[in-house]
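Work through the exercises below with the structure open. Try each task before reading its solution.

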Amino acid sequence: MSGWPDEKSFPKAARAGRGRTVVRIGRGAGAVEVGGAAVVLVAGPCAVEGWETLAEAARAAKAAGARLLRGGAFKPRSSPYAFQGLGEEGLRLLARAREETGLGVVTEVLDPRDVPLVEEYADCFQIGARNMQNQPLLRAVGRARRPVLLKRAPSGTLEELLLAAEYVLDSGNPDVVLCERGIRTFEPATRNTFDLSAVPALRRLSHLPVIADPSHGTGRRDLVPDMALAAVAAGADGLLVEVHPRPAEALSDGPQALTPAMLAELAPRLRAVAAAVGRTL
Ligand code: PEP
Ligand code: MN
């Protein structure tokens, strides 16, 4: 049974014969276009842990050709005892890293009450996988003035992801980027099962840009480069990749963080695959 979604249920997100939407992330002339000919690399640590690690990760991202810096100041951790993020201090550090590198900032917002605060510092809201169906949060970023990177829930179908995007669009924000980040299956070897077919499927179903996150999609740094290359080959408009200068010391998601050296080695290979499918990076 295929159960291909009916575009009529998400009229604003649906492809419906429209061309591809380009979402601009960032301020003024430095804005980055997601969904155009160039594949956009978004890189950075899972969490903002402090200035030094953030700055090192940001410099590595920039050197590898990333256009946007990622990093969570508010972290959705499974355990209440795990590092929860630096909050507003983390947002300040991200803004400082933007000043230093020129990279735009993508960061997660967990709570509708924090939308104005995150909006002040960030160039793009990330809605995390755990919040894909948090409708009050979707409505809140839908009323805000920054683009939204919307991650697929670990148990979310493509139709549910597109309906979540529909909430943001219907609330008045036209700038949504969809993100495949792996789904929960019976396979325990990888943290999630990276659903590569979601990339071309979402691009067929929707006019919105689609990016891929092979870091959460696999949970293992040794698998990230190959899946990143595969995602670009499959048509992804961008990649979200975690990088940390010292993954063994990371406060979250260390096992899936690329080192700066791995990211530097990956970049020219991504460029080659992008060129093979008629894109740049
Ligand atoms: C993240 O990007 O660090 C994150 C928490 O991702 P996800 O919501 O996909 O688990
Ligand atoms: Mn993470």
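**Exercise 1.** Which pocket holds the space taken by ligand 1?

Solution. This is a predicted model. Start with the pockets: the space taken by ligand 1 is the largest one.

**Exercise 2.** Describe the surroundings of ligand 1.

Solution. Step one: count the shell. Ligand 1 is surrounded by 13 residues. Arg70, Gln126, Ala129, Lys151 and Arg181 are the closest.
Step two: sort the shell by class. Seven residues are charged, three are polar and three are nonpolar.

**Exercise 3.** Find polar atoms that approach the oxygen atoms of ligand 1, then judge its exposure.

Solution. Step one: take the backbone. Ala129 places a backbone N or O atom 2.7 Å from an oxygen atom of ligand 1.
Step two: take side chains. For Lys151, the distance from a side-chain N or O atom to a ligand 1 oxygen is 2.9 Å. For His216, a polar side-chain atom lies 3.2 Å from an oxygen of ligand 1.
Step three: check the cover. Ligand 1 exposes 290 Å² when taken alone, and the protein buries 98% of that.

**Exercise 4.** Which protein atoms are donors of the manganese ion (ligand 2)?

Solution. Step one: list them. The donors are Cys46 (SG), His216 (NE2), Glu242 (OE) and Asp253 (OD), at 2.0 to 2.4 Å.
Step two: read their spacing in sequence. The pattern is C-x169-H-x25-E-x10-D.
Step three: place two of the donors. His216 belongs to helix 7 (residues 214–218) and Glu242 to strand 10 (residues 238–242), so this pair ties together parts 26 residues apart in sequence.

How values were computed
Residues are numbered from 1 along each chain as its sequence is written. Chains are lettered from A and ligands numbered from 1 in the order in which they are written. This is a predicted model: local features need pLDDT of at least 70, side-chain atom pairs count only at pLDDT 80 or more; totals for chains, interfaces and linings use all residues. Side-chain values use heavy atoms; hydrogens and water are left out. A residue is near a molecule or strand if one of its heavy atoms lies within 4 Å of it. A polar contact is a pair of N or O atoms within 3.5 Å; within protein, one must be able to donate a hydrogen and the other to accept it, and residues adjacent in sequence count only if both atoms are side-chain atoms. Accessible areas come from the Shrake-Rupley method with a 1.4 Å probe; for residues, only the protein chains shown count as cover. On a 1 Å grid over the protein atoms alone, a cavity is a set of points where a 1.4 Å probe fits but cannot get out, and a pocket is an open set with protein on both sides within 12 Å along at least five of seven lines; lining residues have an atom within 4 Å of a point. A molecule sits in a cavity or pocket if more than half of its atoms lie within 2 Å of its grid points. Ala, Val, Leu, Ile, Met, Phe, Trp, Tyr, Cys and Pro count as nonpolar, Asp, Glu, Lys and Arg as charged, and the others, Gly among them, as polar. Donors are N, O and S atoms within 2.8 Å of the metal (3.2 Å for Na, K and Ca); water is not among the atoms, so sites may look incomplete. Helices (H or I, at least four residues) and strands (E, at least two) are DSSP runs, numbered from the N terminus.
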